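Hi there,

Here is the structure I promised to pass on. Have a look at it first, and then read on for what turned up.

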Amino acid sequence: MNGSCLEFKNPIQDAISRVRFAPQSNNLLISSWDPCLRLYDVDCSQLRLEAPSEAALLECCFQEESVAFSAASDGSITRYDLHSGISNKIGNHDDIATCVAYSTETRQVITAGFDKKIIAWDIFGAKPLVYLRNLDAEVESLSLSGYELIIAVGSSVDIYDLRNSDKCVQSNKFCMDVPIRCVSSIPYLKGYAVGSVDGRVKLEISYPSSANNMGYMFRCHPRSRDGKNHLVPVNDIAFNPFISGAFVTGDNVGYVTAWDAKSRRRLFELPGCANSIASLTYNNEGQILAVASSHTYQEATEMLVVLRFLLPKPSRVYMI
């Protein structure tokens with residue numbers, strides 16, 4: 001297994017918030033706090049686009065190979081033409097926008113933020129705002145699987161059907177009211193995995209050809225220090241799109257671990273990074289894993305106050 005670090009002529013100056021591979025190529029989308037959206041061609045080791053923003057970018061996603069979206073700290077949702085570099089705002093949240101995803105089934109952009117709202121934007125229609133739903137808490141993370149919208153709110157996972165979003169289809173409470181840090185849908189099955197702030201991962205998987213659904217929880221990142229185990233948050237989870245049951249988790253102290261959901265075993269652990277694991281993504285063939293090592297936006301308030309006059313460790317993106 002080989003790994004390399006992406007090199008930039010102009011290094012990323014602040015935290016990386018998200019990395020996402022393109023649907024059909026090895027182009028990598030990178031959003032960051034510096035603030036800028038970058039498109040990097042992994043095959044050619046070349047930066048294709050660097051689009052500055054007025055506010056820190058907390059999330060990004062692809063619509064297709066040449067179109068992407070971002071969510072920013074000023075609440076703005078922006079569309080980018082990756083060929084021309086032209087961008088335009090499609091709307092705003094009333095507070096920080098933390099999540100953005102594109103639904104190919106409904107052709108809508110789904111966003112969420114600290115204003116406790118989920119908004120769907122129809123970028124092809126006359127009226128861009130399709131619907132919004134007010135929640136009782138801020139949305140920490142969201143993921144799409146077909147028509148299912150899976151969101152993490154506090155210590156609960158709520159599932160909505162995008163064809164009828166008037167009510168929540170299913171709501172699952174996480175163990176002992178522990179806040180959820182991330183949620184990730186499974187690309188080839190109906191199900192999802194969530195990672196918590198205390199180092200636990202919970203999987204819920206439904207098999208279409210069997211009545212025996214699978215669901216279990218485990219602690220994935222206990223770290224030994226001073227003879228005691230210390231639990232660290234799980235910042236991101238990514239499923240391999242081609243190897244059934246294989247997924248990776250990234251924690252807050254810089255470790256990436258691979259797991260087999262079927263056998264419930266740990267497969268291997270990558271060498272630790274200097275910073276937290278901010279984001280993970282597989283390419284469309286499941287052969288390349290991009291790992292973003294950076295301090296995360298959940299730590300940003302503390303980092304800005306405590307480290308105001310210190311230079312943070314540089315953000316890095318690794319190819320595995």
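A definition to start with: on a 1 Å grid over the protein atoms alone, a pocket is an open set of points where a 1.4 Å probe fits, with protein on both sides within 12 Å along at least five of seven lines, and lining residues have an atom within 4 Å of a point. Grid points are joined across faces, edges and corners, and the volume is the space filled by probe spheres set on the points.

The model is predicted, so local features need pLDDT of at least 70 and side-chain atom pairs count only at pLDDT 80 or more, while totals for chains, interfaces and linings use all residues. Residues are numbered from 1 along each chain as its sequence is written, and side-chain values use heavy atoms, with hydrogens and water left out.

Now the pocket. The largest one holds about 1400 Å³ of space. It is lined by 50 residues, and R20, S143, L144, S185 and T281 are the closest to its centre. Strands that each supply at least two lining residues include β2 (16–21), β14 (139–145), β18 (180–185) and β28 (277–282); strands here are DSSP runs of E with at least two residues, helices are runs of H or I with at least four, and both are numbered from the N terminus.

Overall, the protein chain has one helix and 30 strands. Of its 320 residues, 53% are buried (under 20% relative accessible area; exposed is over 50%, partly exposed in between, with a 1.4 Å probe and protein chains only).

How far can you trust it? Mean pLDDT (the predictor's confidence in each residue, from 0 to 100) is 86 for the protein chain, and 86% of the residues reach 70 or more. Strand β7 (residues 67–72) has the highest mean, 98, and helix α1 (residues 300–306) the lowest, 31. The pLDDT is below 50 over residues 300–312, a stretch with five contacts beyond near neighbours in sequence (heavy atoms within 4.5 Å).

A few backbone details may interest you too. Most residues other than glycine have a negative phi, and most peptide bonds are trans. D34 and P35 are joined by a cis peptide bond, with omega about -15°, and P35 sits in the loop between β3 (27–32) and β4 (36–41). R107 has a positive phi of about 60° and is partly exposed, at 45% relative accessible area. R264 also has a positive phi, near 60°, and counts as exposed at 52%.

Happy exploring!
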